[in-house]
Amino acid sequence: MRDTVPSKVFFAPARVTKWKYDDSMPGKLQRLLKTFNLSAVFDKDEWVAIKTHFGSPGAHRIVRPVFLSRVVDAVNEVGANPFVTDTVRIKGLEYLKVANSNGINHLSVGAPVILADGLFGNDNIILPAGEILGRIAVASAIHDVTAMVVCSHVKGHINAGYAGALKNMAMGGVSSSHRECGWKCGRGSMHTIGEGELTWNEELCNYCMQCVELCPLELLAFKDDKLRWDKEHCWRCGRCERGCQAGAIHLPGDDERFMRSLAEAAMVVIKTFRPDKIIYINFLTEIQPECDCMPAADVPVVQDIGILLSNDIVAIEQASIDVLKEKHLPSSMAEDVDAEGDIFKGLHSKPYELQVSEAERLGLGSRRYELVTL
Ligand code: SF4
Ligand code: SF4
């Protein structure tokens, strides 16, 4: 049990009040990292995992490479050796390409970018868990390394409601599958219950093929208008269910169990480190309604709030949830002005439409238009 002294959570608000680098988000992250004194956390030459989420081909609202590079720089400055990592969610090589297309590569972040559980997602170590999971497969690079910075993008989640550092540690520190016990020791054991029997409702299905396209292992196919599922190799990742907007695919689950299992799995991953060897950075930016593994990232539901840093995962999660409740839109320069519906007029007092009317007067086009919504 932790002592009763409150854990410190450092917060850098996103709002810029001076047009100076120091007041930028990357600048503030640097200041946060300096305040925390990383030299007291990481040893010289120690390998440090910087755990993040690489996103998906259409989910670009992840922890941006510019922030990862500041973390890499800070770890380098104290003489330790950082690498940026995540576990396999889709086929390993494809996932590295996703990381690259989302801007995360050695050149952009300044450190090697690797898969924590190998190209096939089965390089992991089985560890005992708790009463929900029994045992769980922790990615070997996370298991074996001695120190970590957990960079989490805070957002919503279809099953957990909120997703931050705990989910990053649990889902992100555990593999999809183990060589011997398969999905039952992997993150699928959090997603589903029992045997994880996928069911398909023919009457609800509109044959859009979204599930077929989303399955990372190509285990779904239609034959004679019936869904075929390769049960044996299925990770129970739930991508097919989450992507089916007709509700025709179902993977049995229990949201409360899911949330409790996140905490349990996170505990297993955290216990592979000395307590003073992990720090957590929560990015409350581009806070979208769903997980970064979804096929698309929707527009943010909450304005950028800022960055939180702590060595206590519970404290940083609680603080993140609390500021999320406090800070709804707009929390931006827009609230400083009496704009009467026209934010830019309120901000800059310029007749900005002149450029458009002038362009029209010059015969460049027309301001009248018909909006066609697809
Ligand atoms: S995503 Fe749903 S509706 Fe579309 S083909 Fe698959 S089961 Fe049918
Ligand atoms: S749960 Fe669905 S998407 Fe995931 S591996 Fe199994 S069939 Fe494929």
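Hi everyone, let's begin inside the structure, at strand β15, where G306, L308 and S310 point one way while I307 and L309 point the other way, and all of them are buried. Buried here means that 20 or more other C-beta atoms lie within 10 Å of a residue's own; exposed means 12 or fewer, partly exposed is in between, and the C-beta atoms are placed from the backbone. Strands are DSSP runs of E with at least two residues, helices are runs of H or I with at least four residues, and both are numbered from the N terminus.

A word on what we are looking at: this is a predicted model, in which local features need pLDDT of at least 70, side-chain atom pairs count only at pLDDT 80 or more, and totals for chains, interfaces and linings use all residues. Residues are numbered from 1 along each chain as its sequence is written, while chains are lettered from A and ligands numbered from 1 in the order in which they are written.

Back to β15. The strand covers residues 306-310, and 5 of its 5 residues are buried, so we call it mostly covered. Which strands sit beside it? On β1 (residues 9-13), 5 bridges make the connection to β15, and the two run antiparallel. On β14 (residues 278-284), there are again 5 bridges to β15, also antiparallel. You can find individual partners too: V9 has S310 as its bridge partner in β15, and A12 stands opposite I307. From β14, Y280 stands opposite S310.

Now zoom out to the whole sheet. What is the order of its strands? This open sheet has 7 strands, in the order β1-β15-β14-β7-β2-β3-β4, with mixed pairing. Two strands pair if DSSP finds at least two bridges between them. The edges are β1 and β4 (113-115), each of which pairs on one side only. On average, neighbouring strands are turned by 25 degrees against each other, direction ignored. Helix α6 (residues 165-173) packs on this sheet and touches β2 (47-51), β3 (81-86), β7 (147-153) and β14, its direction making about 115 degrees with that of β7. For these angles, axes are lines fitted to C-alpha atoms, for helices over the stretch in contact, and the values run from 0 to 180 degrees between N-to-C directions.

Let's stay with the edge strand β1 for a moment, because P13 lies there. Is P13 buried or partly exposed? It is partly exposed, because it has 17 C-beta neighbours inside 10 Å. P13 and G182 are 169 residues apart in sequence and, C-alpha to C-alpha, 43 Å apart in space. Compare that with V314, which sits in helix α11 (residues 313-326). V314 and Y280 are 34 residues apart in sequence and 9.9 Å apart in space, again C-alpha to C-alpha. V314 counts as partly exposed because it has 15 C-beta neighbours inside 10 Å.

Next, the domains. The chain is divided into domain 1 (9-181 + 255-326), domain 2 (194-250) and domain 3 (337-374), with bounds from an automatic or database domain assignment. The C-alpha centres of domain 1 and domain 2 lie 29 Å apart. Their contact takes 8 residues from domain 1 and 6 residues from domain 2, where contact means C-beta atoms, placed from the backbone, within 7 Å.

On to the ligands. Which residues surround ligand 1? They are W200, C205, N206, Y207, C208, M209, Q210, C211, C244, A246, A248 and I249. A residue is near a molecule if its C-beta atom, placed from the backbone, lies within 6 Å of it. By class, that shell has 10 nonpolar, 2 polar and no charged residues. Nonpolar covers Ala, Val, Leu, Ile, Met, Phe, Trp, Tyr, Cys and Pro; charged covers Asp, Glu, Lys and Arg; the others, Gly among them, are polar. Around ligand 2 there are 14 residues, of which C215, C234, C237, R239 and C240 come nearest. Its shell divides into 11 nonpolar, 1 polar and 2 charged.

Finally, some backbone details. Most residues other than glycine have a negative phi. Y207, in the loop between β10 (199-200) and α8 (210-214), has a positive phi of about 55 degrees. Y207 is exposed because it has 12 C-beta neighbours inside 10 Å. N37 has a positive phi of about 60 degrees, and its place is the loop between α1 (25-36) and β2. Thanks for listening!

Note on methods: Two residues are in contact if their C-beta atoms, placed from the backbone, lie within 7 Å.
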